[in-house]
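Student: Could you take me on a close look at one part of this protein, the place where its aromatic rings gather? I would also like to hear how that part connects to what lies around it.

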Amino acid sequence: MEVGDASKPNVLYLRGYGKREELWFRIVMTKEDGKRGERQTIEPVAKLCRQTYGIAGRWTVVGDEDIYWIGGYSYGGDRAIVRSQLHKHNIIKHSFDPSLWEPVSSPMDIPRSKPFLAAVGTKLYAGAGTEHYARGDKHENPIWKRCGQIYDLHEKTWKYLMPHIKNFESYDADRAVLVEKEDGEEPTEIVYYSLDVGSVMFIDFTSGE
């Protein structure tokens with residue numbers, strides 16, 4: 001496999017599971033001059049406590065240094081605490097403490113677990129998954145349901161992802177992929193598959209902008 005020359009290495013991030021933590025590793029692949037094959041280096045770059053930041057959250061990488069995490073829930077006493085805050089770990093700035101994550105936004109209007117989180121340009125798209133509401137919350141009304149939200153990294157604001165899709169909670173990030181485009185442009189469409197309802201859902205998450 002061609003991975004480019006030494007001045008432009010390919011970078012791959014992998015997430016693993018520890019006993020109580022999520023773990024991230026960064027793999028750098030470079031093609032060495034005059035040699036066949038490639039040189040690979042792997043290093044641990046981040047870890048995240050599930051009890052603090054939530055189970056069933058999702059992540060994406062922006063640029064080559066920033067890992068973002070959102071969604072999920074943890075347990076406090078006899079009830080689940082839903083996490084709606086977006087957090088970031090910069091592998092350079094936080095290299096002294098791989099477990100340090102900083103909040104970078106106001107919380108999502110609607111907390112959700114297992115969303116598909118994708119980064120395109122300067123925006124993050126958190127789509128589908130399961131919404132969570134406090135009892136009596138106005139968002140319990142179906143009219144408030146939305147299939148996701150968009151976060152602008154520059155403006156630091158959230159807005160709803162349209163269109164409104166009924167019963168999207170059957171679809172989550174466990175069975176979802178970004179669709180590549182033949183023209184080389186950044187992908188904007190997510191394909192979800194639901195075992196619960198036995199169907200496929202396509203969402204172009206830039207359509208609501």
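**A close look at the aromatic cluster**

Tutor: Happy to! Trp24, Tyr53, Trp59, Trp69 and Trp101 form one aromatic cluster. Please keep in mind that this is a predicted model. In the whole structure there are 7 aromatic pairs. One of them joins Tyr53 and Trp101: the ring centres are 6.5 Å apart and the planes meet at 50°, so this pair is tilted. An angle over 60 degrees would have made it edge-to-face, and one under 30 degrees stacked.

Now find the two partners along the chain. Tyr53 belongs to helix α1 (residues 50-53), while Trp101 sits in the loop between β8 (87-90) and β9 (102-103), so the pair ties together parts that are 48 residues apart in sequence. Are these two residues buried or exposed? Tyr53 has a relative accessible area of 15%, and because buried means under 20%, Tyr53 is buried. Trp101 is buried as well, with a value of 4%.

For a contrast in geometry, look at Tyr171 and Tyr192. Their ring centres are 6.3 Å apart and their planes stand at 75°, so this pair is edge-to-face. Tyr171 is in the loop between β15 (157-160) and β16 (176-179), and Tyr192 is in strand β17 (residues 189-194), 21 residues away in sequence. Both Tyr171 and Tyr192 are buried.

Let us return to helix α1, since it also holds a charged residue. Arg50, in helix α1, pairs with Glu22 in strand β2 (residues 21-30), and the two are 28 residues apart. Their salt bridge has its closest N and O atoms 2.9 Å apart. Arg50 and Glu22 are both buried. Strand β2 takes part in another bridge through Arg26: its partner Glu43 lies in strand β3 (residues 39-49), so parts 17 residues apart in sequence are tied together. Here the N to O distance is 3.7 Å. Arg26 is buried at 13% relative accessible area, whereas Glu43, at 38%, is partly exposed.

Next, follow the chain to strand β9, which covers residues 102-103. Glu102 forms a salt bridge with Lys93, at 3.6 Å from N to O. With 23% relative accessibility, Glu102 counts as partly exposed, while Lys93, at 51%, counts as exposed. Elsewhere, Arg15, Glu22 and Arg50 are joined into one network by salt bridges that share partners. By the rule used here, the structure has 5 salt bridges.

After strand β9 you reach Val104, in the loop between β9 and β10 (112-113). Which residues does Val104 touch, leaving aside those up to four places away in sequence? They are Tyr68, Gln85, Leu86, Lys88 and Tyr151. The C-alpha atoms of Val104 and His89 are separated by 9.9 Å, and these residues are 15 places apart along the chain.

Finally, let us go back to Tyr192. It is among the residues with the most contacts inside the largest nonpolar core, which has 17 residues. β11 (116-120), β17 and β18 (199-204) each give two or more residues to this core, and β11 gives the most, with 3. Another core, of 11 residues, lies apart from it and includes Val62, Ile70, Leu117 and Trp158. In soluble globular proteins, nonpolar side chains tend to be buried together. Strand β17 also holds Tyr193, which is partly exposed at 37% relative accessible area. Together with Leu195, Val200 and Phe202, Tyr193 forms a nonpolar patch on the surface, with about 410 Å² of accessible area.

Methods. Residues are numbered from 1 along each chain as its sequence is written. This is a predicted model: local features need pLDDT of at least 70, side-chain atom pairs count only at pLDDT 80 or more; totals for chains, interfaces and linings use all residues. Side-chain values use heavy atoms; hydrogens and water are left out. Rings of Phe, Tyr and Trp (its six-membered ring) pair if their centres lie within 6.5 Å; planes under 30 degrees apart count as stacked, over 60 as edge-to-face and the rest as tilted. Helices (H or I, at least four residues) and strands (E, at least two) are DSSP runs, numbered from the N terminus. Buried means under 20% relative accessible area, exposed over 50%, partly exposed in between (1.4 Å probe, protein chains only). Contact means heavy atoms within 4.5 Å. Patches are made of residues with over 30% relative accessible area and no salt bridge: like charges are joined within 9 Å, nonpolar side chains (Val, Leu, Ile, Met, Phe, Trp, Tyr) within 5 Å. Accessible areas come from the Shrake-Rupley method with a 1.4 Å probe; for residues, only the protein chains shown count as cover. A salt bridge is a side-chain nitrogen of Lys or Arg within 4 Å of a carboxyl oxygen of Asp or Glu. A nonpolar core is a set of buried Ala, Val, Leu, Ile, Met, Phe, Trp, Tyr and Cys residues joined through side-chain atoms within 4.5 Å.
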